[in-house]
Amino acid sequence: MVDFSFELGSFITILDYLGTIAFAVTGASKAIAHRADIFGIIVLATVVGVAGGITRDVIFGRFPNAFSDPIYIGLTVAVGIAMFFLYRKFQKRMGTWLVFDAVGLGVFSIFGASVAYQVLGLEFLPMLLAGVITAIGGGILRDVFVREIPIVFVKEVYAVASVIGIVVFYAILSSGVDIQSASVVGIAITTGIRLLAMKYNWNLPKVKES
């Protein structure tokens with residue numbers, strides 16, 4: 001079991017909670033847009049909020065935090081219920097939910113990389129794998145559940161933003177900067193790239209149709 005110091009462990013846990021809330025909002029929004037009932041809204045909020053982290057923990061041989069800490073499910077259920085009552089009020093501000101998605105992408109990318117760093121040390125490939133899986137796993141399931149092609153495969157710069165943020169995070173850690181400062185910069189980079197990609201419609205090259 002990883003032996004976190006109190007300060008570092010608390011910081012990483014807060015990151016995970018924030019990412020869970022941000023992605024749960026996007027899951028609930030997607031469910032509402034597809035006319036799901038309150039149960040479906042809660043289910044999709046929960047799936048999107050915790051799926052990436054569960055996948056990451058299983059790969060690294062850890063018992064998933066979402067199963068051992070009831071706060072995770074409590075947060076996603078609370079988000080689902082809140083969205084059920086507040087969605088219509090904020091429906092005209094859908095850009096807000098895209099911001100939540102970008103923030104969730106940034107937080108989970110760096111949180112996943114942080115977990116790998118704590119387990120295996122400063123190893124780039126495990127940090128990259130853990131970060132990307134944590135960041136995009138829930139979103140892929142969200143889109144599959146509502147029968148859409150996952151956004152990560154077709155829409156703008158998404159996973160690439162995660163990769164760039166993790167690379168920056170790794171580089172800063174390698175230079176001897178503390179993990180808290182490196183995390184803030186990595187999250188800001190990932191979130192910022194994603195927001196810019198949405199604003200300016202940045203996309204990766206695709207095969208041209210004949």
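Trainee: What is the mean pLDDT of the chain?
Mentor: This is a predicted model: local features need pLDDT (the predictor's confidence in each residue, from 0 to 100) of at least 70, side-chain atom pairs count only at pLDDT 80 or more, and totals for chains, interfaces and linings use all residues. Residues are numbered from 1 along each chain as its sequence is written, and side-chain values use heavy atoms, without hydrogens or water. In the chain, 91% of residues reach 70 or more, and the mean is 87.

Trainee: In which helix is confidence highest?
Mentor: Helices (H or I, at least four residues) and strands (E, at least two) are DSSP runs, numbered from the N terminus. Confidence is lowest in helix 7, residues 151-154, at a mean of 79. The top value, 96, belongs to helix 8.

Trainee: Over residues 1-6, how many contacts does the model have beyond near neighbours in sequence?
Mentor: Contact means heavy atoms within 4.5 Å. The pLDDT over residues 1-6 is below 50. Beyond near neighbours, the count for this stretch is six.

Trainee: How many helices are in the chain?
Mentor: The pattern along the sequence is α-α-α-α-α-α-α-α-α. There are zero strands, and the number of helices is nine.

Trainee: What is the radius of gyration of the chain?
Mentor: The radius is taken over C-alpha atoms, and the globule rule is 2.2 Å times the number of residues to the power 0.38. For 210 residues, a compact globule would be near 17 Å. The C-alpha trace spans about 50 × 45 × 25 Å along its principal axes. The chain agrees with the globule value, at 17 Å.

Trainee: Which helix gives the largest share of the largest nonpolar core?
Mentor: A nonpolar core is a set of buried Ala, Val, Leu, Ile, Met, Phe, Trp, Tyr and Cys residues joined through side-chain atoms within 4.5 Å; buried is under 20% relative accessible area, exposed over 50%, partly exposed in between (1.4 Å probe, protein chains only). This core has 45 residues, and Met-83, Leu-105, Ile-136 and Phe-169 touch the most other members. Elements giving two or more residues include helix 1 (6-33), helix 4 (70-90) and helix 9 (179-200). The largest share, nine residues, comes from helix 5.

Trainee: Which residues does Ile-136 contact, leaving aside neighbours within four places in sequence?
Mentor: Ile-136 is one of the core members that touch the most others. Its contacts are Leu-105, Val-152, Tyr-158 and Ala-159.

Trainee: How many residues are in the second core?
Mentor: This core is separate. Among its members are Tyr-17, Val-50, Ile-54 and Tyr-72, and its size is five residues.

Trainee: What kind of aromatic pair do Phe-124 and Tyr-170 form?
Mentor: A search of the whole structure finds six aromatic pairs. Rings of Phe, Tyr and Trp (its six-membered ring) pair if their centres lie within 6.5 Å; planes under 30 degrees apart count as stacked, over 60 as edge-to-face and the rest as tilted. Here the centres are 5.2 Å apart and the planes at 65 degrees, so the pair is edge-to-face.

Trainee: How many residues apart in sequence are the parts tied together by this pair?
Mentor: Phe-124 lies in helix 6 and Tyr-170 in helix 8. Phe-124 is partly exposed at 28%, and Tyr-170 is partly exposed at 24%. The separation of the parts is 46 residues.

Trainee: How far apart in space are Tyr-117 and Met-127, C-alpha to C-alpha?
Mentor: Tyr-117 is in helix 5 and is partly exposed, at 27%. Outside four places in sequence, Tyr-117 contacts Leu-122, Met-127, Leu-173 and Ile-179. Tyr-117 and Met-127 are 10 residues apart in sequence, and their distance in space is 6.2 Å.
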